[in-house]
Amino acid sequence: MADLKEKTYVEDVDRSVYDIRDAENDAYRMESGLTPEIVEKLSTEKDDPVWMQQFRLESLQIYNEMKIPNWGPSIEGLDMDHIATYVRPNTKMRNDWKDVPEDIKETFERLGIPQAERKSLAGVGAQYDSELVYHNVKDSVAAEGVVYTDMESAIKGEYADMVRKYFMKLVTPHDHKFAALHGAVWSGGSFVYVPKGVHLSIPLQSYFRLNAKGAGQFEHTLIIVDEGASLHFIEGCSAPKYNVANLHAGCVELYVKKGAKLRYSTIENWSKNMYNLNTKRALVEEGGTIEWISGSFGSHVGCLYPMSILKGDNSRMEFTGVTFAGAGQNLDTGAKVVHVGKNTSSYMNTRSISKSGGISTFRSSVVVEKGAKGAKSAVSCQSLMLDSESRSDTIPAMDIRTKDAAIGHEAKIGAISNEAVFYLMSRGMSEEDARAMIVSGFADNVSKELPVEYAVEMNNLIRLEMKGSIG
Amino acid sequence: MSKALLEIQNLHVRVEEKEILHGVDLAVGQDETHVLMGPNGTGKSTLGYAITGNPTYSVTGGSIIFNGEDITELPVNERAKKGIFLSFQNPLEVPGVTLSAFIRSALEQKTGDRLRLWDFKKKLKETMALLNMDESYAERDLNVGFSGGEKKKAEILQMLMLEPKLAILDETDSGLDVDAVRTVSEGVRLFRERTHGSLLIITHSTRILEALHVDAAHVMEEGVIVRNGGAELVDEINEKGFSSLKED
Amino acid sequence: MNDTILINRLPTRTWNRLGVNETAIAWGQADDLGEEKITAAGQTERLEITGSGERGEKTVDIHAPAGQTVTVFETLRAEKGLLVRTALHVEKDAKVRLVQIQNAAQDSLLRLETSGECAENGQVELIQVLLGRGDVYSDGQFELNGNGAGFTAGIGYLGQKQQTVDMNLVVNHWGQKTTSEINAAGALKDDAQKIFRGTIDFKKGSAGSVGSEQETVLMLGDGVVNKTVPLILCAEENVVGNHGATIGELDEDTLFYFESRGISAAEAENIMARAAIERLARTIEDEAAQAAILSELEEVL
């Protein structure tokens, strides 16, 4: 059976892009498409341990067997045979920006990463295409036993056993087709371990940049916040625009132990040829807290629903999100929560904005299991339609299996009030500025929760999107 | 004082982790009208809830004796059946249950018997007329869409129908216009006259007291009773306000 | 012959593992119970629809001519399997008031397929009383085609024992300044299972439209399963859509209020389970129907 499949796939591969070398930065580029040979080759390139190579091949098989989901936005424009799954930048990973090649360093300088690191971060990881090019953590933080490293080092180094124990156990390759794809071709990403009782007062940040045309990025983020510890982790991402599809199918697995707290913030600004099919999940134990802050601005198609499993008694989750879908964008975002332990609570507060033909969908799932006595959940989602070319859908679902629960849900959809625009204009503001200000205000549930530099960046993104919206 | 109906001894009450009442002593005799006064947020409503048995308000010390029986641990509905009534400051809206059906259920629970519908309706109608309540309110959903005044009247209506031994009126006069206060006050007077039930009136104004004979007054500050007296105490506070008490 | 058929489809799919995208039931060849055509304006029609045999299928066609009001009461007596298809045609400035009251046998299966289309200023008022005996599958599809068309739905249900109550209601706003208001309220006891899918869809061109939907579920049994899926789909800027859902036990404040009047928790739950139905019954403003609902409620609870 397996042989037959392999043969079929080998024949299907487009050989013309075999071993492309990027003229500009001399990177290594895996041929496009997906075959066991390609996955094996990738594994060899990355010098995987044996179990990981096995894991990749099994994941590939699952990928081939699984169907594309029959719900959500169409991903017809994504042709896996034309996606390069592995593109290695022409550098080893560095821990000093001076050693990062000039062109790549410039890219990150433009994105403000080294500056932010100096000012307000406890550690930074920077990924360029498939591999990390920079990783550094402040000495004082490392001294407390905090581990922050790239996944490749983690899988082979001191923490190999811990990583193996947790890697893709929360999001398994069976979860959905793109989780299986991730299992087969993942590369890069970060591993964080915060020891018991350690509180990081300033955030760690990973930044993901996908530079290569027609490529995929499949970074894996694994974070373990041990008992009583706390962490704020920030994730940023961007890419230049190409006229062919790029794919991002990352995976984030978060383990929040007893009494621990993790805040996971993301400002996603992929270019508008990106298919962002990302999977994020947190497992929260007794008395633990997961907070998701999520801003989705980029991508052509986005499917992103961070999931929280409230396993321990008294565990809680909060999800605060904003999604801005402009021209050519179909962003399907939201969150999922499963209440398992007793007296667990969840709170979702989201805003979505649709403009210039953009489609935004809020999708949520609240599941309260039979044993989850005393569960409390509140969902509030608001949508703003900026014109009649756009679309905004709200698709929540609740599945409640204990009577001892208090579940609330509210949603609103509407347009900017003309009175508000008039009021601001009567104070001398242009209509464009007035509308931009109202939209920024609408999205302040997220900007209020972000560190100030990121809030400013987010408001700039909104301002940029609102430019020329008066026609 | 005649035989005590309600005796509260050294009562300590908490809400979540915060203690609100720090040892309250209070006795209300049968057939008496008591007034409980004090600035906002000193624990007057908490005392009302504690006597009624609101599970949010946990008694951590002391006791509540009603009619010679220790009711400190008794559930709310059992206390109600023994004759304790609270007129809520903010009566709850209950969609789907009419005012009439609600009172009927309460009466049936108290007596353990089905009511004779005709007698019940007759009495309800008469009592509503006394309170200047439009008859249509009987068949409207309990408190849903009632004005502030109508909600308070509906509470007094329940009191008159259920005929408790002790009625606690929590700010029943607040937010009402002059006419409504007069009607409510008349209802309260009728309650005393007809049933000789006792009253504990929580208020920080005195408008509701005008038609009533006050037997005793108590002043609460920061979770304890700081003064006990007769009707003259009400007048004193009316003139000088609560700050005058501090000099005592 | 029994076939498995898929009914009550959500207009747009979501995660399959939630089991809300559609419902599979066993159904097959049914006896034709005939078609009823109602056009008489300005009066009230009462239909007693009684299933016979293993499965029966009845069609009701209601037509309200321009400017006229038609009121129809359907009492649905399912013995075993009964499917009732009711189609409403509402012309300009006309109104149809449809009251559907379930009066089913213990192990029956009742399917309702109710659809309607409204011309300019046409109004539909739908009342469904689903009363705790037998399984119910209700699918409603309404098209607000004309400007100013309106739809209201009042749905009251009681689920108990092993009962399934499975509902799907879709309102499509096509015309300008169309309105919809959906209120569903019910109580679930024992091991009852319930799904309510409510969709308000603002189509492009439906400027000035307003839609709202609200569901209140009182959870009273340890084995109950409640699924609530309130969708708002929107392709028009100038609209206002709202939905809300409240699911849980009797809340503490309500319980305390009842108990402070001497009413026990069990009795309070009983009163509140009836409340959703009684409240709806009162809005019907028809003594015969009210009496029928209340006596049925008495019997079921």
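Biologist: Which residue stands opposite Leu47(C) in β6(C)?

Modeller: Leu47(C) faces Glu74(C) there. Bear in mind that this is a predicted model. The two strands involved are β4 (residues 44-50) and β6 (residues 69-77) of chain C, which run parallel and are joined by 7 bridges.

Biologist: Which strand do 8 bridges join to β6(C)?

Modeller: That is β8 (residues 95-102) of chain C, and the pair runs parallel. For a landmark, take Val70(C): its bridge partner in β8(C) is Val96(C). One general idea helps when you follow such a strand. In a regular strand the side chains alternate between the two faces of the sheet.

Biologist: What confidence does the predictor give chain C?

Modeller: The general caution comes first. Where pLDDT is low, the predicted coordinates should not be read in detail. In chain C the mean pLDDT is 94, and 100% of the residues reach 70 or more. For the complex, the predictor reports an ipTM of 0.94 and a pTM of 0.85.

Biologist: How many residues of chain B are in contact with chain C?

Modeller: On the chain B side there are 20, in contact with 16 residues of chain C. Several elements of chain B each give at least two residues to that side: α2 (76-82), β7 (94-98), α3 (99-111) and α5 (148-162). By type, this side of chain B has 10 nonpolar, 7 polar and 3 charged residues.

Biologist: Now chain B itself. How many helices and strands does chain B have?

Modeller: Chain B has 7 helices and 12 strands. Six strands, in the order β6-β9-β10-β3-β11-β12, make an open sheet of chain B with mixed pairing.

Biologist: Why is one side of β6 and of β12 in chain B left without a neighbour in the sheet?

Modeller: β6 (84-87) and β12 (224-229) of chain B are at the edges; each has a single partner strand, so one side of each has no neighbour in the sheet. Between neighbouring strands of this sheet the turn averages 20°, direction ignored. Inside the sheet, β3 (residues 33-37) and β11 (residues 216-221) of chain B run parallel, with 4 bridges. Met37(B) has Val219(B) as its bridge partner in β11(B).

Biologist: Which strands does α5(B) lie across?

Modeller: α5(B) crosses β6 and β9 (166-170) of chain B, at about 165° to β6(B). That helix also supplies at least two residues to the side that touches chain C.

Biologist: What radius of gyration does chain B have?

Modeller: Chain B has 18 Å; a compact globule of 248 residues would be near 18 Å, so the two agree. The C-alpha trace of chain B spans about 55 × 40 × 35 Å along its principal axes. Buried residues account for 44% of chain B. Of the chain B contacts with a separation of 6 or more, 71% join residues 24 or more positions apart.

Biologist: On to chain A. How many residues of α9(A) are buried?

Modeller: In α9 (residues 177-185) of chain A, 8 of 9 are buried. Among them are Phe178(A), Leu181(A) and His182(A). Their cover includes α2 (36-45), α3 (50-65), β12 (251-256), β14 (274-277) and β15 (279-284) of chain A.

Biologist: Why does Ala455(A) count as partly exposed?

Modeller: Burial would take 20 or more C-beta neighbours within 10 Å. Ala455(A) has 19 inside 10 Å, so Ala455(A) counts as partly exposed. Ala455(A) sits in α13 (residues 452-466) of chain A. Beyond four places away in sequence, Ala455(A) touches Ser447(A) and Leu450(A). Its C-alpha atom is 9.5 Å from that of Ile267(A), 188 residues apart along the chain.

How values were computed:
Residues numbered from 1 in each chain as written. Chains lettered and ligands numbered in written order. Predicted model: local features only at pLDDT ≥ 70, side-chain atom pairs only at ≥ 80, totals over all residues. Contact = placed C-beta atoms within 7 Å. Nonpolar A, V, L, I, M, F, W, Y, C, P; charged D, E, K, R; others polar. Pairing = 2+ DSSP bridges. Axes fitted to C-alpha atoms, helices over the stretch in contact; angles between N-to-C directions. Buried ≥ 20, exposed ≤ 12 C-beta atoms within 10 Å, placed from the backbone. Rg over C-alpha atoms; globule rule 2.2 N^0.38 Å. pLDDT = per-residue confidence, 0-100.
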